[in-house]
Structures are given as structure tokens and as C-alpha cells.
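Here is a report on one protein chain. It goes from packing to pocket, then to single residues.

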Amino acid sequence: MKGQITLKDIRRYKIQYNQDELDNISPDKINVWNKYVEMNDEKKILMDRINKATLPYLIEGVKGTGKTLMIRSIAKELGWALVEIRCTDSTKERHLFGSPQIDSDGSYWNAGKLVVAFKGLKMYGKVIIFFDDIGNLPPEVQSMLLSLFDKRKSIDVAGQVFNVEEEEKLMMVCTTNPPTYAGVNPITEPLRSRLIGETREYPKTQGLKKILDWSGIPIDTIQYFINVSSALCI
């Protein structure tokens with residue numbers, strides 16, 4: 001049919017990458033804006049999982065508990081390249097896998113985030129694909145990730161199959177907010193069945209003490225006002 005792209009046409013596409021994007025996923029370019037304070041060995045557990053690079057890992061928890069900071073910190077410390085995908089309900093197939101383009105030199109395939117990750121494997125050897133708020137992805141997009149999230153760890157793009165080769169390590173790490181949050185799509189059952197992970201809540205009192213920077217704070221004065229306030233409430 002005239003104007004329709006066939007499989008034969010797709011196989012002609014040469015995949016084009018953005019070199020700046022490939023450079024920016026390197027471990028030394030990862031931005032870590034603060035020190036992550038561990039609460040209950042959650043950082044150590046995830047580091048072990050990443051080093052094994054087996055089952056994809058899901059952190060389900062409320063906002064503001066340091067999920068993104070922890071993942072970025074681990075990638076930088078372990079020396080893994082990091083491809084971060086900020087998932088929204090507007091994330092489409094083309095953002096992840098890419099799309100055909102035409103310029104004055106002809107047709108090419110513009111690499112999406114997942115294709116960049118596999119190219120990064122050739123450059124850096126170890127890559128974390130971080131799906132930030134994966135529960136925001138539309139169900140039809142989630143279904144496209146199944147072969148990436150199971151033992152195949154592969155994707156089909158532009159007539160090519162991308163696999164993890166020997167000596168390469170690829171790990172998927174995801175975060176999501178609780179389903180009680182407005183606007184959050186549930187993770188589809190086929191995708192969730194491929195995940196292991198943890199549920200995270202806001203830290204308790206002891207955890208908050210570890211997070212807060214007490215330098216320069218007059219603790220004795222604060223304790224005095226706490227005692228006064230408690231007495232007035234009696």
C-alpha cells in the first residue's frame with residue numbers, strides 16, 4: 001500500500017544516536033545533589049541486586065523519600081552508566097524505542113532511550129535503566145517492555161534485535177508511587193510479575209534524626225522550648 005512503512009523498509013534504517021546523550025549517561029556525569037542517608041540497609045540491598053543484574057527491581061513508595069537520589073548515588077559509586085526515563089502518561093513508544101526520520105540525506109532511525117541504553121552497554125559495559133514513576137506509563141507502553149524485563153533482556157528496534165552480550169550487565173530499576181496517589185496507573189500484571197522490590201514509607205523519628213543536619217543548631221535551646229511547650233499543653 002502506497003505510503004505504508006513495511007518491515008522491509010524498516011530494515012533499511014540506520015540508527016542515529018545523539019553523541020551528547022551517550023556521553024551524559026557515563027558514571028562520571030551522573031549528578032548527585034546530596035548524600036543519601038541509609039535507613040535500613042535498603043541501599044546495600046539494591047547495590048547487591050544491581051551487581052548481580054538479574055531481576056528488575058521496583059521501589060514503591062511515597063514522594064520525598066530519596067528514591068531517585070539513592071539510585072543515582074549507587075550508579076555513580078558502582079561506576080554504572082545511567083539512562084533515566086521520567087515516565088508520564090505522555091510517554092510514547094517513540095520516546096523509548098525511537099522513530100523513523102527523514103532529512104536531506106535520506107531516512108534514518110532516531111534512537112529512543114532504550115536504544116541509547118544498549119549502545120551504552122557497548123561503551124561502558126554496565127548500564128542501569130531507571131524508570132522513574134513507571135506506574136505513570138500507559139498500559140499499552142508497559143506491555144512493550146515485557147521482553148526487556150524478563151530473562152530475554154532484549155528489544156526489537158528498526159529490524160534489529162538488541163541483546164545483552166557476554167561480559168555486559170544491564171539492570172532495570174523502577175520507582176512508583178502508591179496506587180492511592182491521584183493519576184497513577186497501576187502497573188500491569190504481566191509487568192509486575194517480572195519485578196521484585198520493596199515498599200517504602202516516610203522515615204520514623206530515629207530515621208529523621210539521621211537525615212537532619214544538626215550542625216549549628218542549638219540543641220539545648222530547642223530542648224528547652226520543647227519542654228516548655230509540653231508543660232503548657234498539660
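Contact here means heavy atoms within 4.5 Å. By that rule, and leaving aside neighbours within four places in sequence, Leu 69 is in contact with Val 32, Trp 33, Asn 34, Lys 35 and Tyr 36. Leu 69 lies in helix H4. Leu 69 counts as buried because its relative accessibility is 10%, and buried means under 20%. Leu 69 and Tyr 36 sit 33 residues apart in sequence, yet their C-alpha atoms are 6.4 Å apart in space.

**Overall build**

This is a predicted model. The protein has 11 helices and 10 strands. Of its 234 residues, 42% are buried. Take the contacts with a separation of 6 or more: 78% of them join residues 24 or more positions apart.

**The cores**

In soluble globular proteins, nonpolar side chains tend to be buried together. The largest nonpolar core in this model has 39 residues. Those with the most contacts inside it are Leu 114, Ile 129, Phe 131, Ile 134, Leu 148, Phe 149 and Ile 155. Helices and strands both contribute: S3 (81-86), H5 (93-97), S5 (106-111), H6 (113-124), S6 (126-132), H8 (146-149), S7 (155-157) and S9 (169-176) each supply at least two residues. H6 gives the most, with 6 residues.

Leu 114 shows how these parts meet. Not counting residues up to four places away in sequence, Leu 114 touches Ile 85, Leu 96, Phe 97, Ile 129, Phe 131, Leu 145, Leu 148 and Ile 155. A second, separate core has 19 residues, including Ile 50, Met 70, Ala 75 and Ile 128.

Leu 148 belongs to helix H8. Its relative accessibility is 0%, so Leu 148 counts as buried. Outside a window of four places in sequence, Leu 148 touches Leu 114, Phe 118, Ile 129, Phe 131, Lys 153, Ser 154, Ile 155, Leu 170 and Met 172. Phe 162 is 14 residues from Leu 148 in sequence, and the two C-alpha atoms are 9.6 Å apart.

**Helix H3**

Which residues of H3 are buried? In this helix, residues 42-52, they are Glu 42, Lys 43, Leu 46, Met 47 and Ile 50. Viewed down the axis of H3, these buried residues fall within an arc of 130°, so they line one face of the helix. An α-helix has 3.6 residues a turn, so residues three or four places apart point the same way. The cover over the buried residues of H3 includes strand S2 (57-61), helix H4 (67-78), S6, S9 and strand S10 (196-200). After H3 comes Ala 53, with a positive phi near 50°.

**The second largest pocket**

The second largest pocket has a volume of about 250 Å³. Its lining has 13 residues. Nearest its centre lie Asn 24, Ile 25, Arg 72, Leu 82 and Glu 84. Helix H2 (19-24), S3 and H6 each supply at least two lining residues. S3 gives the most, with 4 residues. What is the make-up of this lining: how many residues are nonpolar, polar and charged? The lining divides into 5 nonpolar, 2 polar and 6 charged residues.

**Loop residues**

Three loop residues deserve a look. Their places and relative accessibilities are listed here.

| Residue | Loop | Relative accessibility |
|---|---|---|
| Asp 41 | between H2 and H3 | 46%, partly exposed |
| Lys 153 | between H8 and S7 | 12%, buried |
| Glu 166 | between S8 (160-162) and S9 | 73%, exposed |

Asp 41 is not a glycine, yet its phi is positive, near 65°. Lys 153 is not a glycine either, and has a positive phi of about 45°. Lys 153 is also among the residues that Leu 148 touches. Glu 166 and Gly 125 are 41 residues apart along the chain, with their C-alpha atoms separated by 9.7 Å.

Conventions. Residues are numbered from 1 along each chain as its sequence is written. This is a predicted model: local features need pLDDT of at least 70, side-chain atom pairs count only at pLDDT 80 or more; totals for chains, interfaces and linings use all residues. Side-chain values use heavy atoms; hydrogens and water are left out. A nonpolar core is a set of buried Ala, Val, Leu, Ile, Met, Phe, Trp, Tyr and Cys residues joined through side-chain atoms within 4.5 Å. Buried means under 20% relative accessible area, exposed over 50%, partly exposed in between (1.4 Å probe, protein chains only). On a 1 Å grid over the protein atoms alone, a cavity is a set of points where a 1.4 Å probe fits but cannot get out, and a pocket is an open set with protein on both sides within 12 Å along at least five of seven lines; lining residues have an atom within 4 Å of a point. Grid points are joined across faces, edges and corners, and a volume is the space filled by probe spheres set on the points. Ala, Val, Leu, Ile, Met, Phe, Trp, Tyr, Cys and Pro count as nonpolar, Asp, Glu, Lys and Arg as charged, and the others, Gly among them, as polar. The arc is that of the directions from the helix axis to the C-beta atoms.
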